[in-house]
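These are my notebook entries on a single protein chain, written while I looked up its sheet, its cores and its aromatic contacts.

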Amino acid sequence: DGRLSNLSTRARVGTGGDVLIGGFVLAGDSPRRCLIRAVGETLGDFGVTDALADPRIAVFPTGQTDAIAENDDWSENPSRAAIVLEGSRAGAFPLPAGSLDSAVMVDLEPGGYTAVVSGVEDATGIALVEIYVLD
């Protein structure tokens with residue numbers, strides 16, 4: 001149908017205000033199911049040096065300071081089976097079981113959002129933020 005289904009950015013994650021932020025807007029008049037991932041540790045499998053060993057992902061509606069979804073360690077997420085299934089359907093590379101990468105499945109109303117990637121315990125390194133619109 002000609003719509004964007006994935007957006008990703010790789011960058012260095014620092015501390016404090018020097019985090020990785022992926023901003024996006026969902027159009028339409030009904031909620032959309034999204035898979036949002038913060039990949040750090042697994043980037044090393046692709047030859048990325050200085051990958052962020054333990055990323056955390058948090059999703060915020062634009063202008064709000066309370067996260068509506070967050071995760072640290074995707075395979076401990078109660079939605080891990082859906083994350084694997086929907087990630088595969090969307091064409092995302094698989095995250096190894098037990099990796100410290102992060103992911104959330106969330107139904108989002110139309111509007112603006114930010115996906116914020118930070119390092120657990122103020123760790124720094126290279127990370128990838130991925131946003132998949134699933135339906």
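The entries below go from the strands to the packed interior and then to the rings.

**Entry 1, the sheet.** I note at the outset that I am reading a predicted model. I looked up the strand order first and found an open sheet of four strands, β1-β8-β3-β6, with antiparallel pairing. β1 (6–13) and β6 are the edge strands, each having a single partner, so one side of each has no neighbour in the sheet. From one strand to the next the twist averages 15°.

**Entry 2, the pairings.** I then went through the pairs one by one. β1 and β8 are joined in the antiparallel sense over eight bridges, and in this part of the sheet I find serine 8 opposite glutamate 130 of β8. Between β3 and β8 I read six bridges, again antiparallel, with valine 39 standing opposite leucine 128 in β8. β3 and β6 also run antiparallel and are joined by seven bridges; here arginine 33 has aspartate 107 in β6 as its bridge partner. As for the helix, α1 packs on the sheet, where it touches β3, β6 and β8 (125–133), and its direction makes about 80° with that of β6.

**Entry 3, burial and cores.** How many residues of β8 are buried? I find that nine of its nine residues are, so described as a mostly covered strand. The largest nonpolar core has 21 residues, and those touching the most other members are Phe24, Leu26, Cys34, Ile36, Ile57, Leu108 and Val117. Two or more residues of this core come from each of β2, β3, β4, β6, β7 and β8, and the largest share, four residues, is that of β8. I listed the contacts of isoleucine 36, leaving aside its neighbours within four places in sequence, and found among them Phe24, Ile57, Val59, Leu108, Ala115 and Ile131, together with the polar or charged entries Ser102 and Glu130. There is also a second, separate core of 13 residues, which includes Ala92, Met105, Leu128 and Tyr132.

**Entry 4, the aromatic pairs.** A search of the whole structure gave me two aromatic pairs. In one of them, the ring centres of phenylalanine 24 and tyrosine 113 lie 5.6 Å apart and the planes meet at 25°, so I record the pair as stacked. This pair links distant parts of the chain, since phenylalanine 24 belongs to strand β2 (residues 20–26) and tyrosine 113 to strand β7 (residues 111–119), 89 residues apart. Both phenylalanine 24 and tyrosine 113 are buried.

In the other pair, phenylalanine 46 and phenylalanine 93 have ring centres 4.9 Å apart and planes at 65°, so I record this pair as edge-to-face. Phenylalanine 46 is in the loop between β3 (32–39) and β4 (55–61), and phenylalanine 93 is in the loop between α1 (80–90) and β6 (102–108), so the pair ties together parts that are 47 residues apart in sequence.

**Entry 5, surroundings of the second pair.** Is phenylalanine 46 buried or exposed? Its relative accessibility is 52%, so phenylalanine 46 counts as exposed, whereas phenylalanine 93, at 23%, counts as partly exposed. I also looked for a charge over the ring of phenylalanine 93 and found arginine 37 lying over its face, at 4.8 Å from the ring centre.

Notes:
Residues numbered from 1 in each chain as written. Predicted model: local features only at pLDDT ≥ 70, side-chain atom pairs only at ≥ 80, totals over all residues. Heavy atoms only, no water. Phe/Tyr/Trp six-rings, centres within 6.5 Å; stacked < 30°, edge-to-face > 60°. Buried < 20%, exposed > 50% of the residue type's maximum accessible area, 1.4 Å probe, protein only. Lys NZ or Arg CZ within 6 Å of the ring centre and 35° of its normal. Pairing = 2+ DSSP bridges. Axes fitted to C-alpha atoms, helices over the stretch in contact; angles between N-to-C directions. Contact = heavy atoms within 4.5 Å. Core = buried A, V, L, I, M, F, W, Y, C linked by side-chain atoms within 4.5 Å.
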